[in-house]
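Open the model in a viewer and keep the sequence panel visible. The tour starts at one residue and then widens to the whole chain.

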Amino acid sequence: MRNLIEALKAQSGAGQLLVRLVMAEVLIVAGYSKFFVAGLDRVTTMFSGYGIIPIPQGVAPFIAGLELIGGILLALGLFTRYLGVLFTIEFVVAAYVKYAIVQPPAGGYLGSRLDTMLIVVAILLATNGAGRYSLDAKLGRSDA
C-alpha cells in the first residue's frame, strides 16, 4: 500500500493538470455560451430576474468574460491561484442563486450540485496552484 501511495504522490502534477483542464473546459464552454449562444442580452435578463445581482448589465459580460478568458488562462496554468479565488466567489453566488432562488427542477440542491463541485475545485486551485505542468511553474512564478 505504501508503494501505491508513493506512486500516486509522484503523479500529483498530472492530477493537478487534469483537474485544471477539466475545469477550464467547463468554463470555456459556459463563457462561450453566454457570449455567442444565449447572448449577453439574455444572460443580463436572467441575472436581472434573480433580483439579487447588482448591475446585471455589467455583471453579465464580466462573468462571461471571466469564464471564457479565465478558462483559457486555467488551461494554460496562468494566474491559477487568483482565478481560483474569483471562481470560488462566482460559484458560491451561483450555487446560492440556484439553491435558494431558482425554482425546481432547475433549482434546489439538484440545480446547484455542479456549482458546489466547482467551488471545491476552485478552492483546490486557489490553495494548491497550477502545479508543475503549467506556465506559472515554467515562468518561475512563486504562486504556481
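**Start at Leu139**

Select Leu139, which sits in the segment after helix H7 (135-138); helices here are DSSP runs of H or I with at least four residues, strands are runs of E with at least two, and both are numbered from the N terminus. The model is predicted, so local features need pLDDT of at least 70 and side-chain atom pairs pLDDT 80 or more, while totals for chains, interfaces and linings use all residues. Residues are numbered from 1 along each chain as its sequence is written, and side-chain values use heavy atoms, without hydrogens and water.

Is Leu139 buried or exposed? Leu139 is exposed, at 59% relative accessible area (exposed is over 50%, buried under 20%, partly exposed in between; 1.4 Å probe, protein chains only).

**Add the patch**

Next, add Ile72, Leu76 and Leu135 to the selection: with Leu139 they make a nonpolar surface patch of about 350 Å². Such a patch joins nonpolar side chains (Val, Leu, Ile, Met, Phe, Trp, Tyr) within 5 Å, from residues with over 30% relative accessible area and no salt bridge (a side-chain nitrogen of Lys or Arg within 4 Å of a carboxyl oxygen of Asp or Glu). Areas come from the Shrake-Rupley method.

**Zoom out to the chain**

Switch to a cartoon of the chain: seven helices and zero strands. The C-alpha trace spans about 55 × 35 × 25 Å along its principal axes. Colour by accessibility: 38% of the 144 residues count as buried. On the surface, the chain exposes about 8,500 Å², with 70% supplied by carbon and sulfur atoms.

Conventions
Patches are made of residues with over 30% relative accessible area and no salt bridge: like charges are joined within 9 Å, nonpolar side chains (Val, Leu, Ile, Met, Phe, Trp, Tyr) within 5 Å. Accessible areas come from the Shrake-Rupley method with a 1.4 Å probe; for residues, only the protein chains shown count as cover.
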